[in-house]
Amino acid sequence: MLEIAGLSVHRRGRLVLHDISVRIGPGLTLLAGVNGSGKSTLIHCLEGLVVYSGSIILDHQDVRSQDRATLAGMVATVFQTQRQMIPMLAEEYVLTGRFRHLRPLRGYNRQDLAAVQAAMADLEALHLTGRKTHQLSGGEMQLLTLARAVAQDTPVLLLDEPGQHLDPAGRDRLYRHLLRLGDQGRIILCVTHDLEPLSHPGARVIGLRDGRIAWDHPSGHNPADMLKTLYGISPR
């Protein structure tokens with residue numbers, strides 16, 4: 001269980017997040033809202049990258065008190081934009097997600113290789129095996145990055161606009177994969193501007209507006225109200 005209590009963030013004299021309190025369990029939770037509503041800031045708080053007041057507790061452990069190595073065993077993150085890297089094979093790139101499992105003076109083992117294969121299979125990315133990362137499209141790299149996060153084998157996955165580089169069919173597959181991973185017991189918190197997954201059942205939608213929680217319902221719940229509350233628009 002991920003428990004957030006009284007979370008507030010000030011940046012440059014502006015209140016970005018205000019007294020956020022919420023409990024998030026296993027499953028897919030979609031974090032929605034207009035640009036500037038505080039979605040990415042909340043994700044960065046969970047990564048330990050932003051100074052905040054309040055508390056974030058994961059499985060009875062205070063996230064703020066963990067060192068980077070311990071936090072890497074608790075939370076895996078996928079950003080909107082991936083950093084440039086040395087060209088490598090697709091499966092080698094996913095294997096880097098297993099770095100936290102390495103023992104001193106030992107390389108990757110069969111368990112690591114099996115985790116890579118399983119993660120790539122989960123994301124339907126096995127067809128990328130043997131290809132160099134610098135030769136892949138943005139959507140293909142996004143799938144690999146998600147597979148690397150899955151291979152990291154953490155209880156929490158934080159995703160910031162994971163469908164950004166995917167076509168409609170790819171986004172549909174992505175959210176089906178995320179729902180399945182959530183059903184397997186992971187806590188998945190996904191920032192999204194895609195309206196389609198917000199309207200289909202199976203996930204939870206937490207909506208932010210002006211740094212506050214303005215919506216918290218299962219996906220598909222009263223979509224007209226959700227659009228008006230979070231985005232100020234009324235469907236025609």
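Mentor: Two residues are in contact when heavy atoms of one lie within 4.5 Å of heavy atoms of the other. The model before us is a predicted one, and with that cut-off we can begin at Arg98, which sits in the loop between helix 3 (90–95) and helix 4 (110–122).

Trainee: Which residues does Arg98 touch by that criterion?

Mentor: If residues up to four places away in sequence are not counted, Arg98 touches Tyr108, Gln111, Asp112, Ala115, Val116, Ala151 and Asp153.

Trainee: Why does Arg98 count as buried?

Mentor: The relative accessibility of Arg98 is 4%, and buried means under 20%; the value falls under the cut-off, and therefore Arg98 counts as buried.

Trainee: Why is Asp19 called partly exposed?

Mentor: The class between buried and exposed runs from 20% to 50%. Asp19, whose place is in strand 2, has a relative accessible area of 49%, and because this value lies between the two cut-offs, Asp19 is called partly exposed. The same reasoning applies to Asp59, in the loop between strand 4 and strand 5, where a relative accessible area of 41% gives the label partly exposed.

Trainee: What makes the phi of Asp19 worth a remark?

Mentor: Most residues other than glycine have a negative phi. Asp19 is a residue other than glycine, yet its phi is positive, near 50 degrees. Asp59 is likewise not a glycine and has a positive phi of about 50 degrees. A positive phi, near 70 degrees, is also found at Gly232, which follows helix 8, but there the residue is a glycine.

Trainee: How do you know which strands are the edges of the open sheet?

Mentor: Four strands form that open sheet in the order 2-1-4-5, with antiparallel pairing. Strand 2 (14–24) and strand 5 (61–62) each pair on one side only, and these are the edge strands.

Trainee: What makes strand 1 and strand 4 a pair?

Mentor: A pair needs at least two bridges between the strands. Strand 1 (residues 2–11) and strand 4 (residues 53–58) are joined by five bridges in the antiparallel sense, and therefore the criterion is met. Within this pair, Ala5 stands opposite Ser55.

Trainee: How many bridges support the parallel pairings of strand 8, with strand 3 and with strand 7?

Mentor: Strand 3 and strand 8 pair over five bridges, and strand 7 and strand 8 pair over five bridges as well. Leu31 stands opposite Val191 in strand 8, while Leu157 stands opposite Ile188 in strand 8. Strand 7 is also joined to strand 6 by four bridges, in parallel, and there Leu157 has Ala76 opposite.

Trainee: Why is strand 8 described as mostly covered?

Mentor: Five of the five residues of strand 8 (residues 187–191) are buried. In a regular strand the side chains alternate between the two faces of the sheet. In strand 8, Ile187, Leu189 and Val191 point one way and Ile188 and Cys190 the other, and all are buried. Strand 6 (residues 75–78) is covered on both faces too, with Val75 and Thr77 buried on one side and Ala76 and Val78 on the other.

Trainee: How do you know that the buried residues of helix 8 line one face?

Mentor: The buried residues of helix 8 (residues 223–231) are Met226, Leu227, Leu230 and Tyr231. Seen down the helix axis, they fall within an arc of 100 degrees, so they line one face of helix 8. They pack against strand 3, helix 7, strand 9 (204–209) and strand 10 (212–218).

Trainee: What makes up the lining of the largest cavity, by residue class?

Mentor: Its lining divides into nine nonpolar residues, no polar and no charged. The lining residues are Val78, Leu123, Leu146, Ala149, Val150, Leu157, Leu159, Leu178 and Leu181, and the volume of this cavity is about 50 Å³. Helix 5 gives the largest share, three residues.

Trainee: And what classes of residue line the second largest pocket?

Mentor: The lining of the second largest pocket holds eight nonpolar, two polar and five charged residues. Of its 15 lining residues, Asp172, Tyr175, Glu196, Pro197 and His200 lie nearest the centre. Helix 6 gives the most to this lining, with six residues, and the pocket has a volume of about 290 Å³.

Methods: Residues are numbered from 1 along each chain as its sequence is written. This is a predicted model: local features need pLDDT of at least 70, side-chain atom pairs count only at pLDDT 80 or more; totals for chains, interfaces and linings use all residues. Side-chain values use heavy atoms; hydrogens and water are left out. On a 1 Å grid over the protein atoms alone, a cavity is a set of points where a 1.4 Å probe fits but cannot get out, and a pocket is an open set with protein on both sides within 12 Å along at least five of seven lines; lining residues have an atom within 4 Å of a point. Grid points are joined across faces, edges and corners, and a volume is the space filled by probe spheres set on the points. Ala, Val, Leu, Ile, Met, Phe, Trp, Tyr, Cys and Pro count as nonpolar, Asp, Glu, Lys and Arg as charged, and the others, Gly among them, as polar. Buried means under 20% relative accessible area, exposed over 50%, partly exposed in between (1.4 Å probe, protein chains only). The arc is that of the directions from the helix axis to the C-beta atoms.
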